[in-house]
Amino acid sequence: MQKKKVLFHQDNAPCHKSMKTMVKLNELRFELLPHPPYSPDLAPSDYWLFADIKKMLQGKKFGSNEEVIAETEAYFDSKDKSFYKKGIEKLEER
């Protein structure tokens with residue numbers, strides 16, 4: 001069976017750039033596509049939205065993926081339009 005080429009989009013998370021990870025990716029013959037730290041292709045919400053949700057999830061423990069999904073959906077449902085509007089407006093200041 002002919003092997004297919006695998007491309008791996010590498011982000012800059014420390015665990016993804018560790019020596020063990022890099023050795024394994026090399027061993028598996030993954031071709032790495034580097035991800036610049038401040039890539040212009042990131043969605044603008046990446047800069048403010050995920051910092052806020054990260055704070056909300058910090059220290060919480062979940063027993064299943066469903067619990068994480070429910071908590072995340074509850075987070076987004078709890079935000080009104082002004083939260084998102086203010087976040088987008090903050091981008092102009094950057």
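Guide: Helices here are DSSP runs of H or I with at least four residues, strands are runs of E with at least two, and both are numbered from the N terminus. By that rule, the protein reads β-α-β-α-α-α along its sequence.

Visitor: How many helices and strands does that give?

Guide: The protein has four helices and two strands. This is a predicted model, in which local features need pLDDT of at least 70 and side-chain atom pairs count only at pLDDT 80 or more, while totals for chains, interfaces and linings use all residues. Residues are numbered from 1 along each chain as its sequence is written, and side-chain values use heavy atoms, with hydrogens and water left out.

Visitor: What makes a residue count as buried, and what share of the protein does?

Guide: Buried means under 20% relative accessible area, exposed means over 50%, and partly exposed is in between, using a 1.4 Å probe and protein chains only. Of the 94 residues, 12% count as buried.

Visitor: Why is R29 called buried or exposed?

Guide: R29 has 74% relative accessibility, which is over the limit for exposed, so R29 gets that label. You will find R29 in the loop between α1 and β2. Its phi is near 60°, a positive value in a residue other than glycine. Most residues other than glycine have a negative phi.

Visitor: And L32, buried or partly exposed?

Guide: L32 comes to 31% relative accessibility, so it falls in between and counts as partly exposed. L32 lies in strand β2, residues 31-33.

Visitor: What makes E27 and K24 a salt bridge?

Guide: A salt bridge needs a side-chain nitrogen of Lys or Arg within 4 Å of a carboxyl oxygen of Asp or Glu. For E27 and K24 the N to O distance is 3.0 Å, so the pair qualifies. The two are three residues apart in helix α1 (residues 19-27), which means that about one helical turn separates them. E27 is exposed at 52%, whereas K24 is partly exposed at 42%.

Visitor: How many salt bridges does a search of the whole structure find?

Guide: It finds four. One of them joins D52 and K79, at 3.6 Å from N to O. That pair links distant parts of the chain, with D52 in helix α2 (residues 49-57) and K79 in the loop between α3 (65-78) and α4 (81-93), 27 residues apart. Another joins E71 and K60 at 2.5 Å. Here E71 belongs to helix α3 and K60 to the loop between α2 and α3, eleven residues apart.

Visitor: How do you know which residues form the largest nonpolar core?

Guide: A nonpolar core is a set of buried Ala, Val, Leu, Ile, Met, Phe, Trp, Tyr and Cys residues joined through side-chain atoms within 4.5 Å. The largest such set has five residues: W48, L49, I53, Y75 and F83. Two of its members illustrate the burial test: Y75 has 5% relative accessibility and counts as buried, and F83 at 19% counts as buried too. In soluble globular proteins, nonpolar side chains tend to be buried together.

Visitor: Which residues does I53 touch?

Guide: Leaving out residues up to four places away in sequence, I53 touches T72, Y75 and F76. Contact means heavy atoms within 4.5 Å.

Visitor: Why is the pair of Y75 and F76 described as stacked or edge-to-face?

Guide: Rings of Phe, Tyr and Trp (its six-membered ring) pair if their centres lie within 6.5 Å, and planes under 30 degrees apart count as stacked, over 60 as edge-to-face and the rest as tilted. The structure holds two aromatic pairs. In Y75 and F76 the centres are 5.1 Å apart and the planes stand at 75°, so this pair is edge-to-face. F83 and Y84 also form an edge-to-face pair, with 5.1 Å between centres and 80° between planes.

Visitor: What lies over the face of F83?

Guide: K79 does, at 4.6 Å from the ring centre. A charge sits over a ring if NZ of Lys or CZ of Arg is within 6 Å of the ring centre and within 35 degrees of the ring normal. K79 is also the salt-bridge partner of D52.
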